[in-house]
Amino acid sequence: MTRPGLKRTQKIGLQPGALVHIGEKKRETARITLIDYDEGRFEEREVKDIAELQQYSHAPTFTWINVDGIHQVEIIETIGKFFGVHSLILEDILNTNQRPKIEDHGEYVYIVWKILSYNDATEKIDSEQISIILGSNFIISFLERECAIFDPLKDRLRTNKGHIRKNGVDYLTYSLLDAVVDYYFAILEKLGDRLALLEEELVRAPDKQTLQKILSMKREVLFLRKSIWPLREVINSMEKGGSAIFRKETLIYLRDVYDHTVQIMDTVETFRDVISGMLDIYLSSVSNKLNQIMKILTIITTIFIPLSFIAGIYGMNFRNMPELEWEWGYFSVLIFMGIISLVMIYYFRKKRWI
Amino acid sequence: MTRPGLKRTQKIGLQPGALVHIGEKKRETARITLIDYDEGRFEEREVKDIAELQQYSHAPTFTWINVDGIHQVEIIETIGKFFGVHSLILEDILNTNQRPKIEDHGEYVYIVWKILSYNDATEKIDSEQISIILGSNFIISFLERECAIFDPLKDRLRTNKGHIRKNGVDYLTYSLLDAVVDYYFAILEKLGDRLALLEEELVRAPDKQTLQKILSMKREVLFLRKSIWPLREVINSMEKGGSAIFRKETLIYLRDVYDHTVQIMDTVETFRDVISGMLDIYLSSVSNKLNQIMKILTIITTIFIPLSFIAGIYGMNFRNMPELEWEWGYFSVLIFMGIISLVMIYYFRKKRWI
Amino acid sequence: MTRPGLKRTQKIGLQPGALVHIGEKKRETARITLIDYDEGRFEEREVKDIAELQQYSHAPTFTWINVDGIHQVEIIETIGKFFGVHSLILEDILNTNQRPKIEDHGEYVYIVWKILSYNDATEKIDSEQISIILGSNFIISFLERECAIFDPLKDRLRTNKGHIRKNGVDYLTYSLLDAVVDYYFAILEKLGDRLALLEEELVRAPDKQTLQKILSMKREVLFLRKSIWPLREVINSMEKGGSAIFRKETLIYLRDVYDHTVQIMDTVETFRDVISGMLDIYLSSVSNKLNQIMKILTIITTIFIPLSFIAGIYGMNFRNMPELEWEWGYFSVLIFMGIISLVMIYYFRKKRWI
Amino acid sequence: MTRPGLKRTQKIGLQPGALVHIGEKKRETARITLIDYDEGRFEEREVKDIAELQQYSHAPTFTWINVDGIHQVEIIETIGKFFGVHSLILEDILNTNQRPKIEDHGEYVYIVWKILSYNDATEKIDSEQISIILGSNFIISFLERECAIFDPLKDRLRTNKGHIRKNGVDYLTYSLLDAVVDYYFAILEKLGDRLALLEEELVRAPDKQTLQKILSMKREVLFLRKSIWPLREVINSMEKGGSAIFRKETLIYLRDVYDHTVQIMDTVETFRDVISGMLDIYLSSVSNKLNQIMKILTIITTIFIPLSFIAGIYGMNFRNMPELEWEWGYFSVLIFMGIISLVMIYYFRKKRWI
Amino acid sequence: MTRPGLKRTQKIGLQPGALVHIGEKKRETARITLIDYDEGRFEEREVKDIAELQQYSHAPTFTWINVDGIHQVEIIETIGKFFGVHSLILEDILNTNQRPKIEDHGEYVYIVWKILSYNDATEKIDSEQISIILGSNFIISFLERECAIFDPLKDRLRTNKGHIRKNGVDYLTYSLLDAVVDYYFAILEKLGDRLALLEEELVRAPDKQTLQKILSMKREVLFLRKSIWPLREVINSMEKGGSAIFRKETLIYLRDVYDHTVQIMDTVETFRDVISGMLDIYLSSVSNKLNQIMKILTIITTIFIPLSFIAGIYGMNFRNMPELEWEWGYFSVLIFMGIISLVMIYYFRKKRWI
C-alpha cells in the first residue's frame, strides 16, 4: 500500500498522448470479445482480426466490445482510431493508476473505475481497473484481465432476462457499474467478519500482533474509502444528466446505484469509528497491563523489604543485643514478621490491589 | 454494530429491480390494515384479500394502507402493481438496510427512515425501517413488524381529534414522522440517564469495565447520529417544497419537526463532547493510579534500602569493627536508623508525596 | 450538562400544536406587564385582566407586552388568539429547550434565544429562554421569570433617552438582543478570569482537581459556543433583511450586534485553544512527575544496592576470608563504599539527574 | 492571551452608539496631523483647532487626517459630525477590540484592522488597532498612538516618489495596508528564527521549559493566524470591487496585497505543522527518558539481586554448611559471582540495552 | 523548512512595484535564450543584447524567451517594458517566494509555479520557481537557474515531434507544466521507496532516529502537498477557460494534467495515512518495550526477594534457632528455595510473562 503503483517515471520526457502501458502485465496476449445485440438479436464471438471491429462504430445494433489485457499498445491504438477516441484517453486506458473519473466528449463518454475484490489469501483488497468508452450505440470496455464478475450479466444478455437487451448501451453501462458495486458489498461483509473476529481477540487476548492487525484493517478500510469516494462523484455526475448519452429512463437506475455507494460510504465510516475505538481499547489494555505489573512489583517489594530489614537487624554482630539472648526471641521475631505481612495484605485488599 | 446488517451477497448477479427480501424476518406472515377516511368518514379494517386494495389507488377519500412484515415479496409486488410503483422502489422497500432518503417520482413520493427505540435489556438502540409511498390521496406504509408507536395517532384519526382527518395524507405523513422523532427524544433521555450514571461511576470507582461502557455509549451515540443526520436532510428537502404532494399548510409542520431534528443533533453533539471528556478523565485516572503506585514503591524503597544497608554493614564479619564492641552500639544504630526514617518521611511530606 | 433539559417524553402521542409546558417552573404565577409608547407618549402598567390585551393588536402606538413565567398554558393560548399566532409557535414558547431561531410568518416574526448569565456560586453558566413575537407595531416577549437585564432599557424608554421611542418595535427588538449580547461579554470576562487563575494553578501546583476544573471550563466554553453559534445565524438572517418588519434604518444596528457575536465566537475559540494547551501542559506535568519519581527510585537503588552487596559479601561465614582478618579491613571497605557512592553521584550529576 | 482585552462590561445598559472608549489609554492627549495633497501640491501640519478640519470634507484635493490617540471621545465625535459618519462606527473606532472588517456606507467606507509588531522583550506579538474612514477624496485614520510604520509612506508623499500623489486616497489606503502587511512578514521571520532555535534546543537538551516555550510559540502563531484570517477576507471584499470608492486601477494593487496575506497564511500553517511535530518529538523524548531510566534500574537490579542472594546464602548461620569449610570456598563464590555478572552483561548487550 | 525563505524585510518601506530581488542568487549572470518557431520554421540562439528581444513582442511566429537567473533586476525590467508587463508582476517574478498562482491581464497571462526535484544527498525536496508571461504568440519563462527538465521538450520542438510546433504557445505552456508534473511523480516514487524502507526499519529495529526520520518524511510530504494544492487550483482555473489565450484544443490537455495533480494529491494523502499509522506503531513499540523491561524487572524481583528474605532469616544471630542446629537444615532450606522459584516460574509462565 505504501507505493500505490506509480511507476510513471518511464514517461518523463515523452509527448502527451504517447501510448505507453503503465502497470503490471496480467495476461500474455489480449483477448477481444464482441457481443452484438438488440431486442431480437444476439451474437457473441471472439474477435481474432481487429479490423472486423471497424464496421461496428456506426452499426444500428448495440455493440459491446470487451478487451481483456491492455498491455498491447497497438490494439488500443487501432480501436481508438476506428471509434474516433482522443489519444489522451487512450493514454489513460493504458495507465492502470487512474482515479475513477468520467469525461464527456460529446460523441462518446469515457468512464474509468476500479473492480475490487477481497483476496482471502493475502487478506487484502485486490484492485483492477475497468475503462469504458460509451457511444450512443456501442460500448468498449478495457480490463486488465478476464473477470468473472460480469458473467451473470452476460447470461442475462444471452437469455434476454429483464429489459437488458431492450434498454441500450447506457443501461448496460449501469449494469456493469451495478455488478461492481454489488461486489463492494461483499468486501464490506468480509471486512465486517474480520473486524468482529479482531474485536473478540482484542477483548480476550491482545498481543503484539493485534495492533498490526488493527492498523492493517484501518488501511484496507481507507483504501476502500479512497476507491469509492470518487466513484460516487462519477455516478452522481452521470445521474445529474450531464451527457446526452444517458437516456432519462436510465437515470433512475443510476440514482439507485448512487444510493448504494452512499450506503457503502456510511458503512465504511462506521468501520472507521469501530477501528478507532479498537485502537483506544488496545492502548488502554497495554497501559492496564503495565499497571498490573507495577502493582505486583510493588506488593512484593512492600511486603518483603521491611521483613528483610528486620532480618538484617538481627543479623548484625553487635556484642550487646539483648533480644538475641532471649529464649523466644527468634520465634517472637517470626511472629512479628507474620503480623506485619498480614497487616499489609489487609491494607492492599482494602485498596483493592489484590 | 460492527456488521451493520448488509447480507446483500445473495443479490450478486441478479438484475436490477429483482425483488429479494434482505434483512431479518421479524414476523411470520404479513398483516395488511386499511384506514379509509375523510373529514366525515372513518373506516378501519384488516385486509385479507390483497385484491381489495386496487380500488383505493384512485378513491376520492384518504387511504392509509399499512403493511406489517415485508418478507413476503409477492405482497409488495402486487401493491406496487396496483399503485404504479417503480420496481427499484419495491426493491428498496424489501431491503431493510436503507439509509433515510426521499425520492420524488411526480405521481408519488417514496420516503424511508428508521424507527429507533431504546432496548433496556441489551442497553442498545433497536432500529426498524419504515418505508412510505405517498400519493396525493393515499399513503402506503411498510413496517418490519407491528409497532405500537403509531397507536396514539390512530386514536386521533378514530376520534377526529385535532385537524388530522381534514388535513390529508401529507399531514398524516408528517404525523408519522413526528411520532418517530418524539421517540428519538425518549432515547436521548435514556442515554442522558446512562451518561450521568457512568459519569458518577467514573469519578467514584473506575475499573476495567468503565472504558468498555464509555466506548459502547460512544457507539450508541454515533449510531443515533448516523440515523438522524440523513433524516434531517430528508425533512429539509420535504420542507423546501420540492414536491407538489406536500401542501403549503403542511410545510410549517414539517419545519417544526425539522427544528426537532436540529435540536436532537445538538444534544447528540453535546453527548459526544461529554463522552470525549469522560475518556480524558478515564485515561488520566489510569495514569494517576500508576503514579500513586510508583510513589508508594519509591517511598518504601527509599526508606528501607538505606536502613538495610546499615544493618548489612554491621552484619559484616570483620574482626576489627570497634562499634560492635561498644556497650550502646546496637541501640545507637537503632536510634540512628530511626532518625534517618524520620528525616525521609519529613522530606516526602514536604514534597507532598504522603 | 449531561442531560440538556429534554423531558419531552410527556408529549409522546399528543397532536402537534398541543400546548404543554416543558421545562422547570421558575415562578409561581405569570406576571404580565404592558408598555405602550410612541415618541410623545409612555404608559407602563401591570396587566391583571388578560382581556385588556386584545385592543393592542392593532393599536397605532408601539406596544410591548412582557410575560414573566410561561407555565400557565392558558395565558399563552389567549395571547396567541388575540394576536393571531400559530399554535406551533405557542407550543415552542412553552418549551424551554428551544435552539435560537427565527421564523418569519409574514404578519409577525417569531424569535427565540437564550439569556445567559454567569452563576458565581455554581461556577456555571445559567441559561434562560426568551421568546419574542414581533409584529409591525407590537412586541410580545415571554421570559421564564423576571429578569433585571432589561431594566436599563426600560429606563431609556421611560426617559426617552436616545432614539428608542421614535424607532419602533423592530429597534426595540434589537435593543433586547443587544442587552443580552452585552451580558455574553460579561460572561467571557468571568471565564477569562477563571482561566487565568486556572493557568496559574496549573503551573504552580497541579493536583487531581485541576483536570476536573479544566474539563469543566471546557464544557462551559462549549456550552457558550453552542448557544451563540445559532444566535449568530439568527441575527445574520435578520440583518440580511428577509422580513419586511425590520426597517432599513434598523439593519445597521443589527449588523453591529452581529459583529459582536462574531467577536464573541472569536474569543470563545481562543479560550478553546488555551484550554487545549492547558490539557497538554497538565498531561505533560503528570508524566514529568512520574519521571521524577522514577529518577529518585533509580538513584536510591543504584547507589545502595551495590553497597549492600559488598556488605553482604563480608557478611558471609566462610572460614577462609583473608580480608576479614586484616587490621584495617573494615575501614578500607567503608572507604571503598564511600568512593563508589561518590563516583555514582558524580555520574548522575553529569547525566543531570540530580 | 487568556483575556483578549474585552473589558466591555462598562457598556452594559448604555444605548447603542453611546461613545465610550474601551481599551488601554496609550497616549496622554490625542494628536491630529493633516496632509493635504494632489499631484502638484503637498501640505503637512499638525491641527490644533479641530474646527479647521470641517473645510476638508468636500475639498477638491486629497486629504489625509491622522489621529494618534483615540481616548478623547469629543474629538472622535466632532470629526464624525464634520464628515457625516454614523455613530455606530464612531463607537467601533473607540473600541480597540475590533475584529478586522470593512463596512461600505456608500458615501464612505469604514475599514479596521490590526498593526502587529514583534516585541523582542516579551517575545510576544503586540497588536494595535487602526481604523480608517475612506471617502472619495479624504481619508481619516485613527491610531491608538503614533506609529513609525507609516513614516516611509509619508516620505514618499513628501517627495512625490512613485505615483502615490497622483493615485488618490484609495491608493493611499492600499499603501497603508501594504505597509502593515510587510510588517507581518517581519514577524514571520522573527518567529521562524525562534522556531529554529527551539528546534535545536529540543533535539539537544529538552527540559521542563521547552514545552512551555513550544506552547507559547503555538499561541503566538494562533494569534497571528486569527489576526490575518479576517484581514484576508477584508482585502478580498475590497478587491472584488464592491465599493465605488476603489477605482479599477487600484484593484490590481489590492490583489497583490491579497496574495501577500495568502502567502502569510501559508507560512503560518507551515509553522503550525512544525510546532505540532515538535510537540510529538518532545513527548517522545520524555517517554524515551523514562525508558532509559527504567533500563538502568533494571540492569542494576538484575545484576546485583542474584549476587546479593548468593552472599545471603553464605551469610546463613547453619551449623552444617560444608562449603564454608572449604579452603577455596570464598574465592570460588567470588569467581562464580563474577561469571554470573559477565553472563548477564553479555545478555544485556545482546538485547542492546547497554 | 522552519523558515520558508521569506527574507522580505529589505522591502519594508519601498513603494509597490519597486523591483528588488528576494531569494538566493543561484547563478552568476543571467542567460537569455530565444526559440522562435512556427510549423515550418525553427530558430534557437542565445541572446547577448537584450534589445534584440523588442521585435518579438508582435512577431507573427511563436517566440519562447527563456531567462535563467533572475537576480539582475535591469534585465527583468527591460523585458517587462518591451512586452508591456505590469510592474507588480515584475516584482513577483523577482521574488522566489511566490505561491503558485495565475493572473489574467487580458493581453497576457502571468503564471508562476514550482519545479520540485528530490535531492538524494540531503533526502529533501528541492524547490525552484518558474514564472511565465504568456501572450497570444510569445511566452517568456523565468527560472532561477538552467534546468535540464525541459530538455526533452526542446528536443521535441527541434525535431517537430508530435504537434508541438503547430499548436502555439498555450500548448507549449501546457507542455512545460506537464514536464514539471511528471517530475512530481518521480518524487512520489522516491518518497514511496523511502517510506517502504522506513516501514521495514520500524518493524525490525526502531531506535531513537526512527521517529526523527518519520517526522522528517511527514514534513516532506506536507511540503509536497503545499506545493501541489495551489498548482491544482491554478490548472483548474486555466482549464475552466477563463482566459482567451488558451484555445479550446488545449483545454483537454490541461484537463489531463489537472487529473495528474488530483492523482498526486491522492497519493500524497495515502502517504500521510501511512505515516500517521507508522507514528502509532512507533509509539506502541516504545510502550511495549517499557512493558517488557518492567516484566523482567518484576520477575527478577519477585523471584529473588523472597529467597533473599529466607537467607536473611537464617543469617540472624539468635541464640535459640533450632533449625540452624539440624543436620540437613541447610540443604532443606536450599531445596525449599528451589521449590519456591519453580512455583513462581510456573506462575509467570501461566501468566504468559516469560
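Strand β2 (residues 42-47) of chain C has six residues, and the number of them that are buried is zero, so this strand lies largely in the open. Keep in mind that what you're looking at is a predicted model.

What does β2(C) pair up with? Its partner is strand β1 (residues 31-37) of chain C, and the two run antiparallel over six bridges. Getting from β1(C) to β2(C) takes a hairpin of four residues. If you want one spot to zoom in on, try Tyr37(C), whose bridge partner in β2(C) is Phe42(C).

Now hop over to chain E. Here you'll find an open sheet of seven strands with mixed pairing, in the order β2-β1-β3-β7-β6-β5-β4. Why do β2 (42-47) and β4 (101-104) of chain E each have a side without a neighbour in the sheet? They stand at the edges with a single partner strand each, so one side of each is left free. On average, neighbouring strands of this sheet are turned by 20 degrees against each other, if you ignore direction.

Further inside that order, β3 (residues 62-68) and β7 (residues 138-143) of chain E pair in the parallel sense over six bridges. Look for Trp64(E) there: it stands opposite Ile139(E) in β7(E).

Here are the two strand pairs side by side:

| Strand pair | Sense | Bridges |
|---|---|---|
| β1(C) and β2(C) | antiparallel | six bridges |
| β3(E) and β7(E) | parallel | six bridges |

Next, zoom out to chain A as a whole. It has eight helices and seven strands, and it is divided into domain 1 (9-284) and domain 2 (293-350). How far apart are the C-alpha centres of these two domains? They lie 76 Å apart. The C-alpha trace of chain A spans about 120 × 45 × 30 Å along its principal axes. A compact globule of 354 residues would have a radius of gyration near 20 Å, but chain A comes in at 35 Å.

What about the packing in chain A? Of its 354 residues, 38% count as buried. Take the contacts in chain A with a separation of 6 or more: residues 24 or more positions apart account for 68% of them.

Last stop: Lys154(D), which sits in helix α3 (residues 151-159) of chain D. Is Lys154(D) buried, exposed or partly exposed? It has 14 C-beta neighbours inside 10 Å, so it counts as partly exposed. Lys154(D) and Glu44(D) are 110 residues apart in sequence, yet their C-alpha atoms are 9.7 Å apart in space.

Key
Residues numbered from 1 in each chain as written. Chains lettered and ligands numbered in written order. Predicted model: local features only at pLDDT ≥ 70, side-chain atom pairs only at ≥ 80, totals over all residues. Buried ≥ 20, exposed ≤ 12 C-beta atoms within 10 Å, placed from the backbone. Domains from an automatic or database assignment. Pairing = 2+ DSSP bridges. Axes fitted to C-alpha atoms, helices over the stretch in contact; angles between N-to-C directions. Rg over C-alpha atoms; globule rule 2.2 N^0.38 Å. Contact = placed C-beta atoms within 7 Å.
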